[in-house]
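User: I would like the terms used for this model explained, with the values behind them.
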Number of protein chains: 2
Amino acid sequence: MADVLVVGSVALDSVATPFGKVREVLGGSATYFSYAASFFTTVRLVATVGDDFPDEHLVLLKERGVDMTGLQMSRGRTFRWVGEYGYDLNEARTLDTQLNVFADFKPVLPSPLKKTPFLFLANIAPELQLDVLRQMERPHLVALDTMNFWIQGKREALLRVLAEVDALLINDGEARQLAQEPNLIKAARSILKFGPRTVVVKRGEYGAVMVSDDHFFFVPAYPLESVFDPTGAGDTFAGGFMGYLASQGVVDQATIRRAIVYGSVMASFTVEDFSLRRLTRLTTAEVERRYAAFQELVRFDI
Amino acid sequence: MADVLVVGSVALDSVATPFGKVREVLGGSATYFSYAASFFTTVRLVATVGDDFPDEHLVLLKERGVDMTGLQMSRGRTFRWVGEYGYDLNEARTLDTQLNVFADFKPVLPSPLKKTPFLFLANIAPELQLDVLRQMERPHLVALDTMNFWIQGKREALLRVLAEVDALLINDGEARQLAQEPNLIKAARSILKFGPRTVVVKRGEYGAVMVSDDHFFFVPAYPLESVFDPTGAGDTFAGGFMGYLASQGVVDQATIRRAIVYGSVMASFTVEDFSLRRLTRLTTAEVERRYAAFQELVRFDI
């Protein structure tokens, strides 16, 4: 069992979906990631919040055993995101982004964190991702998430950090954009040439596909009759994925496949409610039951 | 091993994709279906062609053992379809449809065909589908395909025939349209209430999902680096699905799951070239190899 370190955002989200809306609830990539990964292993969080950040959110993460020594408390307001979704829940429309203290975020890793074997670089500026990577001491596995904003605006920096990571977790459309190739399979193969040995493409309601030099692996999304709010699905997926890998200590094809299923399991719970609400009610038994349900979803060799 | 009967179209297609174009090549739902199903069992075809229909196409189907006694040869021109695809190969743009002899198609089943145990009603007017169903003598399993045109314009007739079929094969968007419900899982469940015990939703590059009262089953699309022409993919899928079911004689959950994979296998070959070109070069050994590849694509229980 190894630990996992995440660098990303902790935010206050205001979200509207066709099924309801919430104001200034707990959000952020590092938050969703940490909570999900905490079902599998010990998580260390590196992020920044302002002095307006509610204590109860810190308590929530601490109670999950998340190591918060890397959380910077800065003077000012916490990062805020305002977004909405239509009936096509695959894509958020951003209505407002207030970076606040996140604008000056310079991740500084406390010494004990530098030796963490599993590192997840959540979706932040690629220069910051590279900076964190430089502070680490020989991590066993490094995975990275990114988005269209960086692919378009910081392509060179992104390619520099990509050259040094083991796994890329990325959306469907962003994979095509990064590779400049409409065919997803060709796109994923091109991305392998940028550096990562493993590319995991997240496809929202269509599940995920993993592409490596020798393997393809597909997992569907769990068939939910009501997707309440997709915010955080990708980061929860990453948390389940990295948390499981770290818990196993080894990284081979079989472990990666199971990790992708655990990622899908965790994401399937997140979207059942706003913010981290469903995750905070979640039990390990439920996680295992849904993992077993995924086995049933794809089994035909019977 | 049981036989399968298909009622649908035989056409001459002109198709342009980003990768090339062809003029007046063999097409039509019953054609793709028959050729694909012929890998698994004996197929009986009910359709109509004009007196301009090239003999070589008839020979092609006869050589696969397709029973053509239900093919009506009418005075006039064969049904023609002209369409094109952009880089998003999921949807065809129809440029021209010339129904020709198909406009007066009244399927009349020769007596020996009426007892065929497996029946596929390809995408034709629901009144014709119902008319064919009335001529049959207690078929063991009836499956049906349809499209947005009938869902919108002939909803009542479609619901009437749906009430009498066992399985519906339908596209993603069309399932939502038929059920008037944006969530695909809810949509499929609503459709079950219309009559079919099994709904198979075809999702193009995202594979297929089967929904029944007690089960979900997902299969991905085969990861192809070049999809040349998606025309006929759905009908080939249906051919593999029904052909395999008929070859097994029994219809249970395990057989249906394998049949969906064989449908996906056959469709994955069709899209590798224009018209039936790839299918005419296809061997049973290739079919079995790709079936095994599908097992690898989703296996995580290792």
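Analyst: What follows covers the chain copies, one sheet and one helix pair. This is a predicted model, in which local features need pLDDT of at least 70, side-chain atom pairs count only at pLDDT 80 or more, and totals for chains, interfaces and linings use all residues. Residues are numbered from 1 along each chain as its sequence is written, and chains are lettered from A.

User: What makes the relation of chain A to chain B that of a two-fold axis?

Analyst: Chain A is laid on chain B by a turn of 180° and a shift of 0.0 Å along the axis, with an RMSD of 0.0 Å (least squares on C-alpha atoms of residues with pLDDT of at least 70 in both). That is therefore a two-fold axis.

User: Which strands count as the edge strands of the sheet β3-β2-β6-β7 in chain B, and why?

Analyst: Strands (DSSP runs of E, at least two residues; helices are H or I, at least four) pair if DSSP finds at least two bridges between them. In chain B, β2 and β6 are joined by five bridges and run parallel. The sheet is open and its pairing mixed; β3 (20–27) and β7 (93–98) of chain B each pair on one side only, as edge strands.

User: Why are α6(B) and α7(B) called oblique?

Analyst: Their axes (lines fitted to C-alpha atoms over the stretch in contact, angles from 0 to 180 degrees between N-to-C directions) are 8 Å apart at an angle of about 60°. Under 35 degrees is roughly parallel, over 145 roughly antiparallel, 65 to 115 roughly perpendicular and the rest oblique, so α6(B) and α7(B) are oblique to each other.

Key
Heavy atoms only, no water.
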